[in-house]
Amino acid sequence: MTASDSASPVLGLHPRALSHPVCPRAKSMWRLNALITNVGILAVLVVAALLWEPVRIWSLILAAVTVVTALVEIFLAPSIRYRVHRWDLTDQAVYARSGWITQHWQVAPFSRIQTVEAKRGPVQRMFRLASVKVTTASASADVTIVGLDEQDADSLVQSLTEATQSTLGDAT
């Protein structure tokens, strides 16, 4: 849930300072993800430039733009994302903030939580990281915290599961 959509001052679920950063290894994960994505894009553009003469100039221009974008995504964005990405768990809700160009604030009150899961993709496993996804009763209000240490993610899933089981409400 975004803070503006669902945060209730009555419940005390308004925007607040978040105390937990993601794992510092998340910066390396974000760098590798950016590298993989941009190398794939560059490969397609270079192959197109080599094999299809009518689009050669446009492919090369787009390749140059991709290189500049890749440099920003690999060297600048991870540090900014790391400073922005925060999460917190209170006795009423889980909070998350993410993004580096557009920042996204999410709040999920325990009474609205339907499922909690930890996810570990191949790149995350390389860095011993995980994401925690909290699904709520609202279609657009899932909370996802990316870049947690595996043990922290498991602990958060356990804490959220216990908290939602002891919270009254029907998660609707």
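Arg128 lies in the loop between helix 4 (122–126) and strand 6. In this predicted model, Arg128 has a positive phi of about 55°, although Arg128 is not a glycine. Most residues other than glycine have a negative phi. With a relative accessible area of 46%, Arg128 is partly exposed, because that class covers values from 20% to 50%.

**Overall composition**

The protein contains 5 helices and 7 strands. Read from the N terminus, its elements follow the order α-β-α-α-β-β-β-β-α-β-β-α. The protein has 172 residues, of which 38% count as buried. Its exposed area is about 9,600 Å², and carbon and sulfur atoms supply 61% of that area. Among contacts with a separation of 6 or more, 57% are between residues 24 or more positions apart.

**The contacts of Glu150**

Arg128 is also one of the contacts of Glu150, a residue of helix 5 (residues 150–165). When neighbours within four places in sequence are left aside, Glu150 is in contact with Arg120, Arg128, Leu129 and Ala130. Glu150 and Arg120 are 30 residues apart in sequence, and their C-alpha atoms are 8.4 Å apart in space. Glu150 counts as partly exposed, at 24% relative accessibility.

The accessibility of three residues described in this report is set out below.

| Residue | Relative accessibility | Class |
|---|---|---|
| Glu150 | 24% | partly exposed |
| Arg128 | 46% | partly exposed |
| Leu51 | 71% | exposed |

**The sheet of strands 5, 6 and 7**

An open sheet is formed by 3 strands in the order 5-6-7, and their pairing is antiparallel. Strand 5 (113–119) and strand 7 (143–149) stand at the edges with a single partner strand each, so one side of each has no neighbour in the sheet. From one strand to the next, the twist averages 15°. Strand 6 (residues 129–136) and strand 7 run antiparallel and are joined by 6 bridges. Within this pairing, Val134 has Val143 in strand 7 as its bridge partner.

**Helix 2 and the nonpolar patch**

Helix 2 lies across strand 6 and strand 7, and runs at about 110° to strand 7. This helix comprises residues 26–51, and Leu51 belongs to it. Leu51 counts as exposed because its relative accessibility is 71%, and the exposed class begins over 50%. Leu51 also takes part in a nonpolar surface patch of about 560 Å², together with Val46, Val47, Leu50 and Trp52.

**The hairpin of strands 3 and 4**

Strand 3 and strand 4 form a hairpin, with 5 residues between them. In the turn, Gly99 has a positive phi of about 110°. Strand 3 (residues 93–98) runs antiparallel to strand 4, and 6 bridges join the two. In this pairing, Ala93 stands opposite Pro109 of strand 4. Strand 4 (residues 104–109) is largely enclosed by the rest of the structure, because 5 of its 6 residues are buried.

Methods:
Residues are numbered from 1 along each chain as its sequence is written. This is a predicted model: local features need pLDDT of at least 70, side-chain atom pairs count only at pLDDT 80 or more; totals for chains, interfaces and linings use all residues. Side-chain values use heavy atoms; hydrogens and water are left out. Patches are made of residues with over 30% relative accessible area and no salt bridge: like charges are joined within 9 Å, nonpolar side chains (Val, Leu, Ile, Met, Phe, Trp, Tyr) within 5 Å. Accessible areas come from the Shrake-Rupley method with a 1.4 Å probe; for residues, only the protein chains shown count as cover. A salt bridge is a side-chain nitrogen of Lys or Arg within 4 Å of a carboxyl oxygen of Asp or Glu. Helices (H or I, at least four residues) and strands (E, at least two) are DSSP runs, numbered from the N terminus. Buried means under 20% relative accessible area, exposed over 50%, partly exposed in between (1.4 Å probe, protein chains only). Two strands pair if DSSP finds at least two bridges between them. Axes are lines fitted to C-alpha atoms, for helices over the stretch in contact, and angles run from 0 to 180 degrees between N-to-C directions. Contact means heavy atoms within 4.5 Å.
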